[in-house]
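Hi,

Here is the structure I promised to pass on. Have a look at it first, and then read my notes below.

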Amino acid sequence: MIENISVIGTGYLGATHAACMAELGYNVLGVDIDPEKIDSLSRGELPFHEPGLPELIRKHVDSGRLRFTTDLEEVGAWGDVHFIAVGTPQQAGGTGADMTFVNAATRSLARAISKDALIVGKSTVPVGTARRLAALVEEESAEGVRVSLAWNPEFLREGFAVEDTLRPDRLVVGTADEADEAVLRDVYSEALGRDTPWIATDFETAELVKVAANAFLATKISFINAFSEVTEAVGGNITTLADAIGHDTRIGRKFLNAGVGFGGGCLPKDIRALQTRVGELGLDHTMRFLDEMDQINLRRRDRVVNLAEQILDSDLEGKRIAVLGVTFKPLSDDVRDSPGLDVAVRLFSSGADVSVYDPEGNRNAAKRFPRLGYVDSLTEAVTDADLVVLTTEWNEFKALTPADLEPLVAQKQFIDARNVLSASQWEGSGWRFAQLGRIFTD
Ligand code: NAD
């Protein structure tokens, strides 16, 4: 019977998974090489923003069911199942996935394990990784101990991570052995609703399901954004277009919001890693379209910067620009590859006096780009602004009206880079108002 579960890597994915496994009734030990993260989690404090997760961490740290450590040896003698949730970022100076963390964690774990156990990879990895790591585990684990490996990719969305883990819309497990699948089914039995699809498959399919899902989502976003470039040139309403095609149930409306595009710690690096991996396999032609999706996505950021230049007569020097939102999406404090932060930095580099406000993201953004001006409120950000740029669709920003900003700004100029406000309302109040996918003329 499974009682003790470890989670190696306690970032966005691992901390969520650890807390949710405790919620499902297991004793859980979270392991990370970052002692600060472990200290903070051990006090029941979450070092990042994720709705509902702080409460769950505190609940189970208090109950004693959830503990955190930097000591992998302790885990090896204790866990029945070990989830690997370490990062697979984009390689520095390359487009492939940096596998250093997954390789190191798996090797050290296999060496530390001293009782029969199952290692379960959750990180997003290039196809072929699980098979390679299964061989590594066999080589590195102690004699007389049965250690096997499975791959169970993760589909949680930041902002909804707890819900997605406790009530997943599907579970995918890649195993080399039916017994390992049975162990995982047991682990997740409490989380599996009667109709939750359970997809048991081989390693390669499991790995590919994850990157295929992300490639599809990225493609959907870039698809509508490519049409944005067309409507910007010829006229038309990109939102109406998205609504109209979205009514077709074969297409669906989700992920068809034109705007400044996708970012974060997953989609951009995952599509690049997929392309790189198929290239290594001699199949680069198969995923070449993803390069186009990436370029469309990045061009949206250029478009926002160009609009700012157009509105400010190509002279950004000393202009006060308020950037609203530097997280890659609302309900998160994650600023990895964030379109809003990228735009803010580019405006700053062109000489603008940039004032950034994000309800959760300022701290992380300041770690990456300390020279931007970060303020603690929307009011401070927009005061005396020559231009306001909305880059993340937080509710606080979606609720803005011209009357809120008019007493504060220096000039009534706005770029809604997420297409969440009503153009007619703002233009009707005398604002120069730009959105993506619309012709902008002065
Ligand atoms: P993250 O950077 O927030 O967390 C990774 C953690 O792993 C860090 O705390 C790091 O210190 C730790 N770590 C690195 N090497 C270690 C080692 N040898 N032993 C123990 N800990 C180690 O990353 P994340 O966003 O949680 O992503 C983790 C993986 O999950 C990635 O492969 C990512 O693509 C995938 N994923 C993430 C999400 C998401 O929404 N964040 C969703 C699905 C899948």
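**Starting at Glu-158**

Glu-158 touches Tyr-12, Glu-50, Ser-332 and Asp-334, leaving out residues up to four places away in sequence. By touching, or being in contact, I mean that the C-beta atoms of two residues, placed from the backbone, lie within 7 Å. Glu-158 sits in the loop between β6 (147-151) and α7 (161-166). Helices (H or I, at least four residues) and strands (E, at least two) are DSSP runs, numbered from the N terminus. Glu-158 counts as buried because 24 other C-beta atoms lie within 10 Å. The cut-offs there: buried is 20 or more other C-beta atoms within 10 Å of the residue's own, exposed is 12 or fewer, and partly exposed is in between, again with C-beta atoms placed from the backbone.

**Before you go further**

This is a predicted model, where local features need pLDDT of at least 70, side-chain atom pairs count only at pLDDT 80 or more, and totals for chains, interfaces and linings use all residues. Residues are numbered from 1 along each chain as its sequence is written.

On confidence, pLDDT (the predictor's confidence in each residue, from 0 to 100) averages 97 over the protein chain, and 100% of the residues score at least 70. Helix α4 (residues 72-76) has the lowest confidence, with a mean of 94, while strand β12 (residues 387-390) has the highest, at 99. The model scores are ipTM 0.99 and pTM 0.96.

**The chain as a whole**

The protein chain has 18 helices and 14 strands. Its C-alpha trace spans about 75 × 45 × 45 Å along the principal axes. The radius of gyration is 23 Å, which agrees with the value near 22 Å that a compact globule of 442 residues would have. That radius is taken over C-alpha atoms, and the globule rule is 2.2 Å times the number of residues to the power 0.38. Of the 442 residues, 48% count as buried. Taking contacts between residues at least 6 apart in sequence, 71% join residues at least 24 apart.

**Two domains**

The domain assignment gives domain 1 (4-199) and domain 2 (202-442); such bounds come from an automatic or database domain assignment. The C-alpha centres of domain 1 and domain 2 are 32 Å apart. Where they meet, 25 residues of domain 1 are in contact with 26 residues of domain 2. On the domain 1 side, α6 (129-140) and β7 (171-174) each supply at least two of the touching residues. The residues on that side comprise 15 nonpolar, eight polar and two charged. In that split, Ala, Val, Leu, Ile, Met, Phe, Trp, Tyr, Cys and Pro count as nonpolar, Asp, Glu, Lys and Arg as charged, and the others, Gly among them, as polar.

**Annotated positions**

In the UniProt record (an unreviewed entry), "active site" covers Cys-266. The same kind of record puts "binding site" on Asp-32, Lys-37, Thr-88, Thr-124, Glu-158, Lys-269 and Arg-336. Those binding-site residues are spread over 305 residues of sequence and also in space, up to 23.7 Å between C-alpha atoms. UniProt positions are given in the numbering used here, feature names are shortened, and annotations may be inferred rather than shown by experiment.

Where is Cys-266? It is in the loop between α10 (238-246) and α11 (267-280). Cys-266 counts as buried because it has 25 C-beta neighbours inside 10 Å. Leaving out residues up to four places away in sequence, Cys-266 touches Thr-124 and Asn-214. Of these two, Thr-124 is covered by the binding-site annotation.

Gly-265 is also in the loop between α10 and α11, and is buried, with 23 C-beta neighbours inside 10 Å. Beyond its neighbours within four places in sequence, Gly-265 is in contact with Asp-334 and Arg-336.

Arg-336 is in the loop between β9 (320-324) and α13 (339-349). This residue is buried too, with 20 other C-beta atoms within 10 Å. With residues up to four places away in sequence left out, Arg-336 touches Gly-264, Gly-265 and Phe-328.

**One from a helix**

Ala-105 is in helix α5 (residues 100-112) and is buried, with 25 other C-beta atoms within 10 Å. Apart from neighbours within four places in sequence, Ala-105 is in contact with Ile-8, Gly-9, Ile-84 and Val-86.

Cheers
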